[in-house]
Amino acid sequence: MEKKIAILPGDGVGKEVSRGAVTILQAVSERFGHTFQYVYGKIGGTAIDEYGTPLPEHTLDLCKGSDAVLLGAVGGPKWDQLPGHIRPEKGLLKIRKELELYANVRPVQYYRSISGISPLRKEVVEGADMVVVRELTGGLYFGKPSERTFQEGKASVVDTLFYQKNEMERVIRYAFELATTRSGKVTSVDKANVLESSRMWRETAEEIASEFPDVKLEHMLVDNAAMQLIKNPRQFDVIVTENLFGDILSDEASVLTGSLGMLPSASVSAQGPNLYEPIHGSAPDIAGRNAANPIAMILSVAMMLRMSFGLVEEAEAVENAVKQVLEAGSRTSDIASTGVFPLTTEQMAEEIKAALLDNEAIF
Ligand code: NAD
Ligand code: IPM
Ligand code: MN
């Protein structure tokens, strides 16, 4: 199979984990005989530095002309004082909007081999396996007006939470379809006791549920969901929620695995290409030190192989290689216990590559 993949490393550890992704893609093409063509584009702070804008047109064109997009992360302290419209994060929001990436799929999986890393007790996290489906192109992130005003000596500010009903329908439907392939339960998370938008969300979830008689729908208020997620995570299968709630809950859910560096994501568009990215950011506190965990990015590659290219065996091979190196005790510093000498980003990617190339026997 021949595929063209746009790679947007972005800023900070995004650059480092993107190299890890390519290491793994090379191993996949070597083992399974595929040809991947990589085209590189700039986004975020790196693009601001070079072109004065966080998402240059040619980067967007490059993505539109590719079969899938892989993104590292954007942002960092260097660009934190810039005005809202030219911040690195604006580039990410713009690419999500332009590619119509309406559903962000964030699986949260417990790994037995690193269960000791989670600050939560093993009996709480053991067996947790859920997917957060986050609406990605609406809500507070995109509503207008979003601005400050200064009138008669008083400063004010407004952000707008705006949704069209069809934007709710398509992401909720995506979550229900996903639930039919899993244990058949959707938890819709909202703040319907306060927000009108949440009341419409809840109604819409009920309507979509009537199309899926075999899927059980449950509603949960977001504050309770934040608590339930770490109190009793096994109760969840598919969580569907609006943009900002999904952003916050998925970072929280990463605590179940032990590190943000473990969680991949797929951002799905109706007409393609999809975009794949770890849920973490540019991690300025560890950037440039070859210390970031590349697993979130490598598992995002697996999601790309499965969801965009239909390469199921290849995706499973990558996921199994990750499991295998974790079981063998390989650790980057975020998942290392005290006393364990951590691997660099590059070493971890190389170990996963070696497992992928060596280990036909696991199938
Ligand atoms: P962050 O996700 O970058 O980091 C949070 C914490 O998790 C840090 O302690 C970091 O070291 C750790 N961490 C993150 N990824 C890791 C990895 N792969 N391996 C090991 N540890 C890892 O969040 P933040 O510090 O709040 O944000 C930093 C910058 O990243 C900000 O500019 C923010 O806007 C941006 N950001 C971008 C994205 C994205 O591009 N998708 C996502 C989140 C944050
Ligand atoms: C994420 C990030 C982004 C978001 C930021 C950087 C715009 O936190 O991808 O989770 O909030 O969506
Ligand atoms: Mn986030």
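## Exercises on a predicted model

Let's warm up with one residue pair: Pro107 stands opposite Val131 in S5. Please keep in mind as you work that this is a predicted model.

**Exercise 1.** Work out how strand S4 and strand S5 run relative to each other, parallel or antiparallel, and how many bridges join them.

*Solution.* Begin with the residue ranges: strand S4 covers residues 101–109, and strand S5 covers residues 129–135. Next, follow the pairing between them: the two strands run antiparallel and are joined by seven bridges. As background, strands of a sheet pair through backbone hydrogen bonds, either parallel or antiparallel.

**Exercise 2.** Trace the whole sheet and find its edge strands.

*Solution.* Step one is the order: the open sheet has 10 strands, arranged S2-S1-S3-S12-S11-S4-S5-S10-S8-S9, with mixed pairing. Step two is the edges: strand S2 (35–40) and strand S9 (216–221) each pair on one side only. Step three is the twist, which averages 25° from one strand to the next. Finally, look for a helix on the sheet: helix H7 (residues 196–209) packs there, touching strand S8 (185–190) and S9. The direction of H7 makes about 165° with that of S8.

**Exercise 3.** Describe strand S3 and its pairing with S1 and with S12.

*Solution.* First, check the burial: strand S3 (residues 68–73) is mostly covered, with six of its six residues buried. Then turn to strand S1 (residues 2–10), which pairs with S3 in the parallel sense over five bridges. Here Ile5 has Ala68 in S3 as its bridge partner. Now move to strand S12 (residues 274–276), which runs parallel to S3 and is joined to S3 by three bridges. Ala68 appears again at this point, standing opposite Asn274 in S12.

**Exercise 4.** Decide whether Asp247 and Asp251 are buried or partly exposed.

*Solution.* Start from the record: an unreviewed UniProt entry annotates Asp223, Asp247 and Asp251 as "binding site". Asp247 is found in helix H9 (residues 243–257), and Asp251 is placed in helix H9 as well. Now count neighbours, using 20 or more other C-beta atoms within 10 Å as the cut-off for buried. Asp247 has 20 such atoms, so Asp247 is buried. Asp251 has 16 other C-beta atoms within 10 Å and is therefore partly exposed. To finish, list the contacts of Asp251 beyond four places in sequence: Leu260 and Ile279.

**Exercise 5.** Describe the residues around ligand 2 and those around ligand 1.

*Solution.* Take ligand 2 to begin with: around it are Gly75, Glu89, Leu92, Leu93, Asp247, Ile279 and Gly281. Sorted by type, this shell has three nonpolar, two polar and two charged residues. Helix H4 (residues 88–98) gives the largest share, three residues. For ligand 1, count 23 surrounding residues, the closest being Gly75, Gly261, His280, Gly281 and Asn293. Helix H1 (13–32) and H4 are the elements that give two or more residues to this shell. By type, the shell around ligand 1 holds 11 nonpolar, eight polar and four charged residues.

**Exercise 6.** Place Leu120 and find its contacts.

*Solution.* Locate Leu120 in the loop between S4 and helix H5 (122–125). Count its surroundings next: Leu120 has 17 C-beta neighbours inside 10 Å, so this residue counts as partly exposed. Leaving aside neighbours within four places in sequence, Leu120 is in contact with Val125, Ile230, Val255 and Leu256. As a last step, compare sequence with space: Leu120 and Ser254 are 134 residues apart in sequence and 11 Å apart in space, C-alpha to C-alpha.

Terms used: Residues numbered from 1 in each chain as written. Chains lettered and ligands numbered in written order. Predicted model: local features only at pLDDT ≥ 70, side-chain atom pairs only at ≥ 80, totals over all residues. UniProt positions renumbered as here; feature names shortened; annotations may be inferred. Helix = DSSP H or I, 4+ residues; strand = E, 2+ residues; numbered from the N terminus. Buried ≥ 20, exposed ≤ 12 C-beta atoms within 10 Å, placed from the backbone. Contact = placed C-beta atoms within 7 Å. Near = placed C-beta within 6 Å. Nonpolar A, V, L, I, M, F, W, Y, C, P; charged D, E, K, R; others polar. Pairing = 2+ DSSP bridges. Axes fitted to C-alpha atoms, helices over the stretch in contact; angles between N-to-C directions.
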